[in-house]
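Thanks for asking me to look this one over. Could you open the sequence and the coordinates side by side before reading on?

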Amino acid sequence: MIETLNIPSEALPVGGRRIKKYLLVWCSAGTLDLEIDGRTFTVPAGHVITITSGQFHKFRDVGQARGIVLQFTYDFFCKDDTDIELIFHNGLFCHFDQNEVIDVSAQPLVGAYLQSIAAELQERAYQYLTSVHAKIKLILVEINRAKVRLGEEIWKPNALFLKFLELIRADFQHSRPVKYYAGRLGTTELQLNELSKLHAGKTAQQIIHGLIVSEAKRLLYYEAHSVKEVAYALGFKDPFYFSNFFKRHTHLSPQAFKEQIEA
């Protein structure tokens, strides 16, 4: 549900992992390198990086770095639409593989709240989970303030659009049309298309395909699965159709993508 890990720690995923939790990595001293979905990031002291639920990640080089990794589930944090919009505000936990290192050196409360959360989880005082939830909200506000301070454009998402993304990512094993998600969310295909174009510049169907391609890349990059196994894992009954689908979106066949990685 929620936990913190110290940096350095034997529990850090140096060998790579993916979990259904959102991670916030804060470096308080030194510099650490980590890999997220095949990309390498360097996080210096006074900076944070967020990792979205389901992304592959591993710590490549911790060295003398110090800090805290906060990890929590969507269900723990997202109690209402306000929470949902806050967790994705300014793309903090973006579903479109846009991880970024953020300078929070001018926001000392980020580290203070993370240390307080670590203490709360260890002590488990009365209503500690309520306190932790509130402090995560304050941390996200501080990070958003840091981004505004750095002159970045403010992006405020819509809770309905974010629920749409979560539904897609929750079940890649079944290919669903836009109509299915609209029904689950109590809205219309038109509304999902309008929100998708507003927030991502794409149609709802393009959003679905894009997330499937991202998941396919993760499975091909990190898992020792054949192209056929990846196709079935993503709900494709015909591996040949999956190969054509993947090539249409990436200009590479799944096999060529695997060979490119292994080269």
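My notes on the sheet, the cores, one helix and two buried polar residues follow below.

1. A word on the source first: this is a predicted model. Please read each distance and contact below as a value computed from that prediction.

2. Let's begin with the sheet. It is open and has five strands, arranged in the order β1-β7-β2-β5-β8 with antiparallel pairing. At the edges sit β1 (2–7) and β8 (101–103), each of which pairs on one side only. Direction ignored, neighbouring strands here are turned by 20° against each other on average.

3. For a closer look at one pair, take β2 (residues 22–29) and β7 (residues 66–72). They run antiparallel to each other and are joined over seven bridges. If you want a landmark within the pair, Cys27 stands opposite Gly67 in β7.

4. Next, the nonpolar interior. The largest nonpolar core holds 65 residues, and Phe72, Ile136 and Phe164 are the members that touch the most others. Helix α8 (residues 204–222) is the biggest contributor to this core, giving nine residues. There is also a second, separate core of 17 residues, with Leu5, Leu12, Phe41 and Val69 among them.

5. Ile136 deserves a view of its own. Leaving out residues up to four places away in sequence, Ile136 touches Ile2, Leu70, Phe72, Phe76, Phe77 and Ile117. One of these partners, Phe72, is itself named among the residues that touch the most other core members.

6. Does the length of α5 (residues 159–170) come out as expected, or not? The helix has twelve residues, and at 1.5 Å a residue they should span 16 Å; the end C-alpha atoms are 16 Å apart, so the two values agree. At the N-terminal end, Asn158 acts as a cap, with a side-chain oxygen 2.8 Å from the backbone nitrogen of Leu160.

7. Is α5 mostly covered or mostly open? It is mostly covered, with ten of its twelve residues buried. The buried residues include Phe161, Phe164 and Ile168, and also Glu166 and Arg169. Among the elements that cover them are β2, α1 (74–77), α2 (81–88), α6 (178–185), α7 (189–200) and α8.

8. Now a polar residue in a loop: Asn99 lies between α2 and β8. With a relative accessibility of 10%, Asn99 counts as buried, because the cut-off is under 20%. The side chain of Asn99 reaches the backbone oxygen of Thr50 at 3.0 Å, and it makes a polar contact of 2.8 Å with the side chain of Gln55. Not counting residues up to four places away in sequence, Asn99 touches residues including Ile36, Arg39, Phe41, Ile49 and Ile51. Thr52 is another of its contacts; the two are 47 residues apart in sequence, yet 8.3 Å apart in space, C-alpha to C-alpha.

9. Gln55 leads on to His57, which is found in strand β6 (residues 57–61). A polar atom of the His57 side chain lies 3.1 Å from the backbone oxygen of Gln55. At 1% relative accessibility, His57 counts as buried. Setting aside neighbours within four places in sequence, His57 is in contact with residues including Pro13, Gly16, Arg17, Arg18, Leu23 and Glu35. Ile36 and Ile51 are in contact with His57, and both also touch Asn99.

Notes
Residues numbered from 1 in each chain as written. Predicted model: local features only at pLDDT ≥ 70, side-chain atom pairs only at ≥ 80, totals over all residues. Heavy atoms only, no water. Core = buried A, V, L, I, M, F, W, Y, C linked by side-chain atoms within 4.5 Å. Buried < 20%, exposed > 50% of the residue type's maximum accessible area, 1.4 Å probe, protein only. Helix = DSSP H or I, 4+ residues; strand = E, 2+ residues; numbered from the N terminus. Contact = heavy atoms within 4.5 Å. Pairing = 2+ DSSP bridges. Axes fitted to C-alpha atoms, helices over the stretch in contact; angles between N-to-C directions. Expected span 1.5 Å × (residues − 1). Polar contact = N/O pair within 3.5 Å; in protein donor to acceptor, adjacent residues only side chain to side chain.
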